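Reader: I am new to reading structures, and I would like to go through this one slowly. Could we take the ligand and its surroundings step by step?

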Amino acid sequence: MYSVKQISSQETYPVRQPVLRPGKPIESCIFPGDDLPSTTHFGVFDNNRLVGIASLFLSASPDIEGSMQYQLRGMAVLATHQKKGLGDMLLAAAEKHAVNLNADVIWFNAREVAVGFYKKAGYEIAGDIFTIPDVGPHYVMFKYI
Ligand SMILES: CC(C)(COP(=O)(O)OP(=O)(O)OC[C@H]1O[C@@H](n2cnc3c(N)ncnc32)[C@H](O)[C@@H]1OP(=O)(O)O)[C@@H](O)C(=O)NCCC(=O)NCCS
């Protein structure tokens with residue numbers, strides 16, 4: 001039985017680390033703005049076990065139009081739980097929350113390997129591929145909500 005709930009920034013780190021920062025220290029999982037009041041973290045639970053996370057930051061991209069923009073960061077599902085629809089559950093929760101906050105657009109830096117996942121959820125690419133040091137090739141993606 002899977003459910004999505006809001007969680008604290010600290011709760012995200014045990015999922016951020018193995019999925020997004022493998023082999024790197026826990027400090028590499030702390031993102032600037034994690035504890036701002038405008039930031040929200042979501043977790044998807046398999047019964048009581050946290051197995052996936054996503055975070056929404058109030059942040060505008062210079063590449064995207066929109067007066068109220070939220071950035072999705074730290075989207076990750078444990079390898080044991082991928083391809084079961086949990087990423088979609090997290091995206092849906094983040095989008096619903098952003099609508100309640102009167103956001104007009106959600107955007108993010110998508111890993112190239114995850115672009116297909118986000119396209120299925122209705123996101124589009126803006127601009128050219130670029131590299132984030134230590135992480136790899138990315139595209140800016142966005143969806144008006
Ligand atoms: C990308 C990620 C968050 C997707 O989560 P998930 O729970 O595996 O995705 P879902 O099961 O909800 O997939 C929803 C749909 O997207 C598809 N999909 C999932 N991952 C995909 C990928 N990497 N490429 C293309 N399609 C993908 C699924 O097959 C499914 O399609 P369907 O509805 O036709 O069956 C997860 O695989 C992950 O954490 N990957 C490693 C970290 C990462 O890359 N994070 C994103 C950083 S930008």
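Reader: Which residue has a polar side-chain atom that lies 3.5 Å from a nitrogen atom of the ligand?

Author: Please keep in mind that this is a predicted model, in which local features need pLDDT of at least 70, side-chain atom pairs count only at pLDDT 80 or more, and totals for chains, interfaces and linings use all residues. Residues are numbered from 1 along each chain as its sequence is written, and side-chain values use heavy atoms, with hydrogens and water left out. A polar contact is a pair of N or O atoms within 3.5 Å, and the residue whose polar side-chain atom lies 3.5 Å from a ligand nitrogen is Gln-82.

Reader: Which residue has a side-chain N or O atom 2.8 Å from an oxygen atom of the ligand?

Author: An oxygen atom of the ligand is 2.7 Å from a backbone N or O atom of Gly-85, but you ask about a side chain. At 2.8 Å from a ligand oxygen, the side-chain N or O atom belongs to Lys-120.

Reader: How many residues surround the ligand?

Author: A residue is counted as near if one of its heavy atoms lies within 4 Å of the ligand. The closest are Val-77, Lys-83, Gly-85, Gly-87 and Lys-120, and the number of residues that surround the ligand is 21.

Reader: Which element gives the most residues to the shell around the ligand?

Author: Helices (H or I, at least four residues) and strands (E, at least two) are DSSP runs, numbered from the N terminus. Helix 1, strand 4, helix 2, strand 5 and helix 3 each supply at least two residues of this shell. With four residues, the element that gives the most is helix 3.

Reader: What is the volume of the largest pocket?

Author: On a 1 Å grid over the protein atoms alone, a pocket is an open set of points where a 1.4 Å probe fits, with protein on both sides within 12 Å along at least five of seven lines. The ligand takes up the space of the largest pocket, in the sense that more than half of its atoms lie within 2 Å of the grid points. Taking the space filled by probe spheres set on the points, which are joined across faces, edges and corners, the volume is about 1100 Å³.

Reader: Where is Lys-83 placed?

Author: Most residues other than glycine have a negative phi. Lys-83 is not a glycine, yet has a positive phi of about 60 degrees. The place of Lys-83 is the loop between strand 4 and helix 2.

Technical notes:
A polar contact is a pair of N or O atoms within 3.5 Å; within protein, one must be able to donate a hydrogen and the other to accept it, and residues adjacent in sequence count only if both atoms are side-chain atoms. On a 1 Å grid over the protein atoms alone, a cavity is a set of points where a 1.4 Å probe fits but cannot get out, and a pocket is an open set with protein on both sides within 12 Å along at least five of seven lines; lining residues have an atom within 4 Å of a point.
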